[in-house]
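Q: I am new to reading structures and would like some company. Please take a close look at one part, the surroundings of the ligand, and then walk me on to the loops and single residues worth a stop.

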Amino acid sequence: SETLTVEELAAKLNKEASEIIKKLMFLGVMATKNQDLDDDAVELICDEFGVEVEKEIILEDTDFDKYRDQDDKAELVERPAVVTIMGHVDHGKTTLLDAIRHTKVTEGEAGGITQHIGAYQVENDGRKLTFLDTPGHAAFTSMRSRGAQVTDIAVLVVAADDGVMPQTVEAINHAKAAEVPIIVAVNKMDKEGANPDRVMQELTEYELIPEDWGGNTIFVNMAAFKHEGIDSLLEMLQLVSEMEELKANPKANAFGTVIEAELDKGRGPVATLLVQNGTLHVSDSVVVGSTFGRVRTMVNDEGKRVQSAEPSTPVEITGLNDVPQAGDQFLVFSDEKKSRQVGEARQQKHIQETRSETTKVSVDDLFEQI
Ligand code: GDP
Ligand code: MG
């Protein structure tokens, strides 16, 4: 890589070469004014003088898309749909998520379903579906504000005894803005006063028109509480999923989004990642939002240790240097050094963005020929 001599750096920093030499001596390096300094040494000295180095060369390249594998069409294979459950408070989102999970998750393991990693997969007729276990609105707002799009299909839960409410409308708007197909789950059909026709009538106002009425929105009547209608819903989800022709390349370097993350006392930063393309492996070098690291351990939604995770699979990982945010995107690099470089640059940028008064000098400026 490029180098600068002590003298050149001194000129850039408006210092005497002797001052630089003195700093280097303090750092245990004997240098002359013609000594070549590498990136790290330059940064160290700048730091000593309170000048922050902005690694513009690397920052420009931090756009993930530049590093993402170009999908070879031949490598694309079907992947499970990622489903988000949305709807007004108390209309039954959590109950539905639990019901789906209980219907399909293999029973028999000690302790049953204890793991909560923010997302889970179920198998239906030998085909998988991935459910985001986070409140739909939060998933959409926090993720979309970061440019992440994780949902393939939205299930809109509407209580048959309550009808369309403000958050129902909000949910519709989120799903429409994201151009995600909506399946309507008319819930609480067991309740007295359940009126599915009214729900359908009200939803026509939002262009969600049932097939019977000449539209193309799928409506499923159910009672999540009693585990009724779950199979029909899963069947419909599979149908829509097929129509969407969701594909990914399992051979690519993994790319995806953080579903949730936290600092665990014992394990350090823990993040649930949804792999959206490629396959994530233990010991992969990964940049996540403004942090980075190497995947140390990986656990699936059943709490089992796994070595790899394919497209549309949620996994919980450890091994990151810091806690990322929900909605942050992650990308694996084949080259660990590159991963570290990009990771550090993003971290640096993040720190700079959260500070106000700092002297900045770019490496480009520093290396510019005098
Ligand atoms: P959320 O706020 O959308 O997550 O709603 P919850 O899943 O917490 O459900 C709110 C309330 O409705 C709870 O007391 C549930 O037990 C109840 N509930 C959910 N689904 C049904 C259903 O199908 N039938 C009846 N009768 N109650 C239900
Ligand atoms: Mg809930």
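A: Let's begin with a word we will need throughout: a residue is called buried if its relative accessible area is under 20%, exposed if it is over 50%, and partly exposed in between. One more thing to keep in mind is that this is a predicted model.

Try the word out on methionine 298, which is found in strand S16, residues 291-299. Methionine 298 has a relative accessible area of 0%, which is under 20%, so it is buried. Its C-alpha atom is 6.5 Å from that of valine 282, although the two residues are 16 apart along the chain.

Now to the part you asked about. Ligand 1 is surrounded by 15 residues, and Asp90, Lys93, Thr94, Thr95 and Asp190 are the closest. Sorted by class, this shell holds 6 polar, 5 charged and 4 nonpolar residues. The element that gives the most to the shell is helix H6, made of residues 93-104, with 3 residues.

Look next at individual atoms around the ligand. Histidine 91 has a backbone N or O atom 3.4 Å from an oxygen atom of ligand 1. For glycine 92, a backbone N or O atom is again involved, and here the distance to a ligand oxygen is 3.0 Å. Threonine 95 takes part through its side chain: one of its polar atoms lies 2.5 Å from an oxygen atom of ligand 1. On its own, the ligand has 580 Å² of accessible area, and the protein covers 75% of that.

Threonine 95 also leads us to another region of the chain. Histidine 227 is 132 residues away from threonine 95 in sequence, yet their C-alpha atoms are 9.1 Å apart in space. You will find histidine 227 in the loop between S10 and H10. With a relative accessible area of 44%, histidine 227 is partly exposed.

Stay in that loop for a moment. Alanine 224 lies there too, between strand S10 (218-221) and helix H10 (230-244). Alanine 224 has 1% relative accessibility; this is under 20%, so it counts as buried. Not every pair makes a short hop in space: from alanine 224 to glycine 126 it is 98 residues in sequence and 23 Å from C-alpha to C-alpha. Helix H10 itself contains aspartate 231, which is partly exposed at 44% relative accessibility. The C-alpha of aspartate 231 is 8.5 Å from that of asparagine 124, a residue 107 positions away along the chain.

Let's go back to the loop between strand S5 (81-87) and H6, where histidine 88 has its place. Histidine 88 has 11% relative accessibility, under the 20% cut-off, and therefore counts as buried. Its side chain reaches the backbone nitrogen of glutamine 167 at 3.1 Å.

Two loop residues deserve a look for their backbone angles. Most residues other than glycine have a negative phi. Aspartate 125, which is not a glycine, has a positive phi of about 55°. Aspartate 125 belongs to the loop between strand S6 (119-124) and strand S7 (127-132), and at a relative accessible area of 72% it is exposed. Lysine 188 also has a positive phi, about 60°, without being a glycine. Its loop runs between strand S9 (182-187) and helix H9 (196-204).

Finally, a word on rings. Searching the whole structure turns up 1 aromatic pair. A ring can also have a charge over it: the charged end of lysine 23 sits over the ring of phenylalanine 49, at 5.4 Å from the ring centre.

Methods
Residues numbered from 1 in each chain as written. Chains lettered and ligands numbered in written order. Predicted model: local features only at pLDDT ≥ 70, side-chain atom pairs only at ≥ 80, totals over all residues. Heavy atoms only, no water. Near = heavy atom within 4 Å. Polar contact = N/O pair within 3.5 Å; in protein donor to acceptor, adjacent residues only side chain to side chain. Areas by Shrake-Rupley, 256 points an atom, 1.4 Å probe, with all protein chains shown as cover. Helix = DSSP H or I, 4+ residues; strand = E, 2+ residues; numbered from the N terminus. Nonpolar A, V, L, I, M, F, W, Y, C, P; charged D, E, K, R; others polar. Phe/Tyr/Trp six-rings, centres within 6.5 Å; stacked < 30°, edge-to-face > 60°. Lys NZ or Arg CZ within 6 Å of the ring centre and 35° of its normal. Buried < 20%, exposed > 50% of the residue type's maximum accessible area, 1.4 Å probe, protein only.
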